[in-house]
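Here's a quick briefing to read alongside the sequence and the 3D view. Take a look at the fold before going through the points.

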Amino acid sequence: MRCFFTPKRRFHMAVKHVTLRAWSDNSDVPPQKINQGDILSRTFMITLIDASGAPIDLTISSVRVHFTKPNGHVCYIDASIINASAGIFSVTLDSQCTAVPGLVKTIVQVTSPDGENMYCTGPKISVGAINIEGSIISSNEFTALTDALAQVQNIANKADLNTDGKVIQDPASYGQVG
């Protein structure tokens with residue numbers, strides 16, 4: 001485990017390196033132990049390999065990790081590709097990943113630009129009951145969807161401006177002389 005210090009954060013980020021095999025259920029990878037309430041402080045650095053042990057090339061692909069919590073709620077997080085040709089990506093756990101104590105199951109989804117999907121069993125996460133600072137309410141969370149909706153809203157807000165940069169009160173009346 002390596003620790004990092006950045007000016008933005010005043011704590012050390014814990015990084016866990018894990019290798020996953022695409023043609024396996026990865027049951028030999030022991031559950032990774034973390035604590036309830038660990039938020040943005042735990043990062044998995046994952047190497048994805050094929051049956052022969054060669055890295056799976058993630059060039060021009062995207063990676064998402066799906067988390068199923070012990071209470072059945074799900075969340076997913078888009079991963080950051082660190083070294084595409086070496087099959088290495090990272091995912092940092094957010095508050096929803098650690099909201100419920102118990103065993104969290106993960107699935108890694110690799111998607112090509114053509115829409116081809118590959119799903120691999122990811123590491124299990126054993127969340128210990130801590131929650132000193134108060135309850136985090138567990139819910140379904142889709143960070144990628146929230147980010148995409150924010151981008152759409154930003155585009156919609158820009159579309160409601162006239163050529164002078166002023167807000168059009170009724171976008172349907174744009175271009176009409178009143």
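Leaving aside neighbours within four places in sequence, which residues is Asn26 in contact with? They are Leu20, Arg21 and Thr121. Keep in mind as you read on that this is a predicted model, with a chain average pLDDT of 82.

**How far to trust it**
- While the average pLDDT is 82, it's 70% of the residues that score at least 70.
- Residues 1–10 are a stretch to treat with care: pLDDT stays under 50 there. For that stretch the model has 16 contacts beyond four places in sequence.

**Asn26**
- You'll find Asn26 in the loop between strand S2 (9–21) and strand S3 (32–35).
- Asn26 counts as buried because its relative accessibility is 2%, and the cut-off for buried is under 20%.
- Thr121 turns up again here: the Asn26 side chain reaches the backbone oxygen of Thr121 at 2.8 Å.

**Asp38**
- Asp38 sits in a loop too, the one between S3 and strand S4 (42–49).
- With a relative accessibility of 14%, Asp38 also counts as buried.
- Its side chain reaches back to the backbone nitrogen of Asn35, at 3.0 Å.
- Not counting residues up to four places away in sequence, Asp38 touches Asp94 and Thr98.

**Strand S11 and its partners**
- S11 covers residues 125–128, and its side chains alternate. Ile125 and Val127 point to one face and are buried, whereas Ser126 and Gly128 point to the other and are not.
- On the parallel side of things, S3 and S11 pair over four bridges. Within that pairing, Gln32 stands opposite Ile125, one of the buried residues of S11.
- Strand S9 (residues 102–111) pairs with S11 in the antiparallel sense, over three bridges. Here Gly102 has Val127 as its bridge partner in S11, and Val127 is buried as well.

**Cysteines**
- A disulfide is a covalent bond between the sulfur atoms of two cysteines.
- The count of disulfides in this model is zero.
- So why is Cys75 in no disulfide? The nearest cysteine sulfur, that of Cys97, is 3.9 Å away, and the cut-off is within 2.5 Å, so the pair doesn't qualify.
- Cys75 is buried, with a relative accessible area of 2%.
- Cys120 counts as buried too, at 2% relative accessibility.

Conventions. Residues numbered from 1 in each chain as written. Predicted model: local features only at pLDDT ≥ 70, side-chain atom pairs only at ≥ 80, totals over all residues. Heavy atoms only, no water. Helix = DSSP H or I, 4+ residues; strand = E, 2+ residues; numbered from the N terminus. Buried < 20%, exposed > 50% of the residue type's maximum accessible area, 1.4 Å probe, protein only. Polar contact = N/O pair within 3.5 Å; in protein donor to acceptor, adjacent residues only side chain to side chain. Contact = heavy atoms within 4.5 Å. pLDDT = per-residue confidence, 0-100. Pairing = 2+ DSSP bridges.
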